There are 4 protein chains.
Amino acid sequence: MTAPVQSAGRSAEEPIRVGVLGARGRMGAEVCRAVDAAQDMELVAMVDEGDWLAGVGDAGAEVVVDFTHPSAVMDNVRFCVERGIHCVVGTSGFSDARLEEIRGWLREKPELGVLVAANFAIGAILSMRFAELAAKYYESVEIVELHHARKADAPSGTAHRTAQLIAAARDKAGMGPIPDATTQEQDGARGADVDGIRVHSLRLSGLVAHQEVLFGTAGETLTIRHDSLDRSSFMPGVLLGIRAVRTRPGLTLGLESLLDL
Amino acid sequence: MTAPVQSAGRSAEEPIRVGVLGARGRMGAEVCRAVDAAQDMELVAMVDEGDWLAGVGDAGAEVVVDFTHPSAVMDNVRFCVERGIHCVVGTSGFSDARLEEIRGWLREKPELGVLVAANFAIGAILSMRFAELAAKYYESVEIVELHHARKADAPSGTAHRTAQLIAAARDKAGMGPIPDATTQEQDGARGADVDGIRVHSLRLSGLVAHQEVLFGTAGETLTIRHDSLDRSSFMPGVLLGIRAVRTRPGLTLGLESLLDL
Amino acid sequence: MTAPVQSAGRSAEEPIRVGVLGARGRMGAEVCRAVDAAQDMELVAMVDEGDWLAGVGDAGAEVVVDFTHPSAVMDNVRFCVERGIHCVVGTSGFSDARLEEIRGWLREKPELGVLVAANFAIGAILSMRFAELAAKYYESVEIVELHHARKADAPSGTAHRTAQLIAAARDKAGMGPIPDATTQEQDGARGADVDGIRVHSLRLSGLVAHQEVLFGTAGETLTIRHDSLDRSSFMPGVLLGIRAVRTRPGLTLGLESLLDL
Amino acid sequence: MTAPVQSAGRSAEEPIRVGVLGARGRMGAEVCRAVDAAQDMELVAMVDEGDWLAGVGDAGAEVVVDFTHPSAVMDNVRFCVERGIHCVVGTSGFSDARLEEIRGWLREKPELGVLVAANFAIGAILSMRFAELAAKYYESVEIVELHHARKADAPSGTAHRTAQLIAAARDKAGMGPIPDATTQEQDGARGADVDGIRVHSLRLSGLVAHQEVLFGTAGETLTIRHDSLDRSSFMPGVLLGIRAVRTRPGLTLGLESLLDL
């Protein structure tokens, strides 16, 4: 547990009291560092497997950040909601049924906010949103995602989601299929087809996590590229979530809801 | 003058009757081709220097597109407004005084629309808008614009405008200056300073017109790139303007007002 | 037939007398323009289907450029060799048998040169050569080729050839397979496999012809990108071939043999 | 001092015995890790300021790697040469006079090798070499180097060196100045001028160390890009130097001399 950071001379407001669940995990540890360094926050509890969950309540946390495990997260959120603690949840594995269950708990606590987000990289969120906005102005679009050689799945979750958003935007604008004259093709050359959008997955040593969305129409192309070099890139999004969740009662899905887009 | 293109079997609506001023210029000629090819438009008049301006009125044009010259454009717009013809204007050289004059004429014709735009490339408009939206989420930003070696001015007008928009967005978000530890610099290495934003101008044979806006913060970067290969890239924007100006009374500035962003 | 271009005041040397076969085709016409504009060449004959082939001999051509058709090119080359005219051949469809046949004809004319090349874009040749040189220093490599949406085959011939060259260089250096941890893959996501090298083919309106070779190893990546915007990009290579073929007796394969690499 | 790593079952050869000077510095520590992990090397001595230099001799080092300080390096090299130990030197600050001094010492030990290199990133070396080779085929060329916002000097040393190599190659090929029609310029927009080559320095949070060399001629461009993400990218070059220096008697300048280019 770290000493409170006073935002002395900057604001009369009290710092936000934050607890972190999964504090010894890779993401959790990074969150602890980021909260600790934030001028307007105080890290009041670091909890991990085997620790006593009630500690976050006793420490007076106003907001809890959860980067734990699909098998633990529902109990954690329920505990927090019951104690009147806002939640920022980055743990994966949320089905519609789970979200509905959280909505049920929140009905009893109308002033409380829970944010569930799959991706806290602001650049990834902006990329997806810009891709969605640009989609209807370009007849062609493809996605290239590039990751380190140890990644097990292809395409990446973000590329898959981006393709779905673009496909939905094209559909809404009444656009037909993307023009493609390919008649002679070596297997796999044209990428994976995600809702009609081609996605290409590159895996190279020396890369980290990168994505390019390429749009094209007569005489011009527009490219939106996001390069993520390390876990620190998720922290501005987590801090944004902590600040915002206190004033957004109910269940909020996705960091995009908090951005000014 | 081309034969009317019927949008037979596609729509019960009459095609939009379009006249082009500056029809023999490079942009005007491209507009004639694009209007002629558009299913929902009819090219009813092609006028250039030495032609009788009244022709566009006689031909029953509903919308006139003007790519002429700063010395001619005000007379053209006045003529069209008096005759009740909507205008899409791509000619340069508009001062605030000129815009005010057009607003004055339009007061007499409240149903009429005039669109004045400096840039009809949708990709350039989207780039600028996305840059404006992303600005407040990244502590660092620089612009690289790349053009053919025959370009006379540096930086490009679009890069200059993009820098201004980003600077204004940063200012509005209360952001301070961009971090820069440079203490030892060869003259020009860090680019031109446009409202505190660094802009780098590359000139190479084999290039056409390209721009990259690079945003950076801890652990990640976001890049928005626009590549324009020829004049045809402006046509989707001109056609969008023709379609939209009829239902937007008064003076509209910039194609961005017509996009769904 | 164009007027001779005198390299007056620049050199005491006589201009090279060039004939073009396939002069009305897209590439042939471009070659005629390029030869005509070159200070050290004179365009003495433009021949196409239906013209009398003997014309190139009568016109005194020293070098003939052939961009015709696989069904015509062997007769053309034989004719030129018999008349003592050097050949630069860009027509496709050369099998080993055909090349052997040309070698046979050239045995009778030991002073004569024939250059057969599949690609005259110097940038493409340099890209392939650099990729070949870099191959053994990087454990990972993939190729992305990007073309306009009207292209029928995927991957492109240049990407296919580049992959083969890289694979051969890796093999020669005793390198094993590229590391790839993918276990869960959507069909096509990881691209086509050309001799163990992944190749991704993008097709977008607004693009022309582009290729990126990405190399990666611990902590770094190296990218070689070639962008070709129009047919004029092949002309420096054709002119280089014309100049060089006169002093390279026998059959020369590929423009790469003429570059100083 | 780490335990010897046996390359058991892989080679009958003895591992190379390596000592590291500056072993507690950032680069030195990375070198220790890399040598320790290499199957064909044994890390026999780690020496830093305050340690007894003679330790590397006593430990039986065949090759010493020096990443120390300009004020210490000459004594270190002299010591090693006297003891018959090959040297790989990455410390900066080498003047011609210093190099000449080393050559003098080596005259007494004709079998000994010393490698002095300013840059051990193989990708940077390849980039520079490829840029040098491509230079004479393109009328236009500019360099963009992109680094983190804490970098003090602009342009980077690598960009400066790359520009010099390109300028020399152009000069040797008898090429004139790069075409540039700029007449109206905002200060700094066209970058720094290094021997006639424009260099642009970008500084952004979230970047590490990146460089792009852009070549252009009619209708095409060629881009060579190097991205370096961390210090580990220098290690393949250091290991290559260790392996090669034992069989290259005398003074070798630059890692490029060891690459097969």
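**Notebook: helix 3, the open sheet, aromatic pairs and one interface**

I began with the surroundings of helix 3 of chain C: its buried residues are covered by elements including strand 1 (16-21), helix 2 (54-58), strand 3 (63-66), strand 4 (86-89), helix 4 (96-107) and strand 5 (113-116) of chain C. I note that the model is a predicted one.

I then listed the buried residues of helix 3 of chain C, which are Val73(C), Met74(C), Asn76(C), Val77(C), Phe79(C), Cys80(C) and Val81(C). I kept in mind that an α-helix has 3.6 residues a turn, so residues three or four places apart point the same way.

I checked the length of helix 3 (residues 70-83) of chain C against its residue count. With 14 residues at 1.5 Å a residue, the helix should span 20 Å, and the end C-alpha atoms are 21 Å apart, which agrees. Just past helix 3 of chain C, I found Gly84(C) with a positive phi of about 75 degrees.

**Sheet of chain B**

I turned to chain B and traced an open sheet of six strands, paired in parallel, in the order 2-1-3-4-5-13. Its edges are strand 2 (41-47) and strand 13 (250-253) of chain B, each of which pairs on one side only. On average, I recorded a turn of 20 degrees between neighbouring strands of this sheet, direction ignored.

Within the sheet I looked up one pairing: strand 3 (residues 63-66) and strand 4 (residues 86-89) of chain B run in the parallel sense and share four bridges. Asp66(B) has Val89(B), in strand 4 of chain B, as its bridge partner.

I next asked which strands the helices lie across. Helix 1 (residues 26-37) of chain B lies across strand 1 (16-21), strand 2 and strand 3 of chain B, at about 155 degrees to strand 2 of chain B. Helix 7 (residues 235-245) of chain B lies across strand 1, strand 2, strand 3, strand 4 and strand 5 (113-116) of chain B, at about 155 degrees to strand 4 of chain B.

**Aromatic pairs**

I searched the whole structure and obtained ten aromatic pairs over all chains. For Tyr138(B) and Phe215(B), the ring centres are 5.6 Å apart and the planes meet at 40 degrees, so I class the pair as tilted. This pair links distant parts of the chain, 77 residues apart: Tyr138(B) is in the loop between helix 5 (122-134) and strand 6 (140-147) of chain B, and Phe215(B) is in strand 11 (residues 209-217) of chain B. Both Tyr138(B) and Phe215(B) are buried.

I also examined Phe130(C) and Phe130(D), a stacked pair with 4.4 Å centre to centre and 0 degrees between the planes. The pair crosses between chains, joining helix 5 (residues 122-134) of chain C to helix 5 (residues 122-134) of chain D. Phe130(C) counts as buried because its relative accessibility is 0%, and Phe130(D) counts as buried at 0% as well.

**Interface of chains C and A**

I counted 47 residues of chain C in contact with 47 residues of chain A. About 3100 Å² is buried between chain C and chain A, with 55% of it from carbon and sulfur atoms. Gln186(C), Leu204(C) and Ser205(C) supply 16% of the area that chain C buries against chain A, more than any other three residues.

**Thr223(A)**

Last, I located Thr223(A) in strand 12 (residues 220-228) of chain A. Thr223(A) is buried because its relative accessible area, 9%, is under the 20% cut-off. Leaving out residues up to four places away in sequence, I found that Thr223(A) touches Glu212(A), Val213(A), Leu214(A), Thr223(B), Ile224(B) and Arg225(B).

Technical notes:
Residues numbered from 1 in each chain as written. Chains lettered and ligands numbered in written order. Predicted model: local features only at pLDDT ≥ 70, side-chain atom pairs only at ≥ 80, totals over all residues. Heavy atoms only, no water. Pairing = 2+ DSSP bridges. Helix = DSSP H or I, 4+ residues; strand = E, 2+ residues; numbered from the N terminus. Axes fitted to C-alpha atoms, helices over the stretch in contact; angles between N-to-C directions. Contact = heavy atoms within 4.5 Å. Expected span 1.5 Å × (residues − 1). Buried < 20%, exposed > 50% of the residue type's maximum accessible area, 1.4 Å probe, protein only. Phe/Tyr/Trp six-rings, centres within 6.5 Å; stacked < 30°, edge-to-face > 60°. Buried area = accessible area lost by both parts, 1.4 Å probe.
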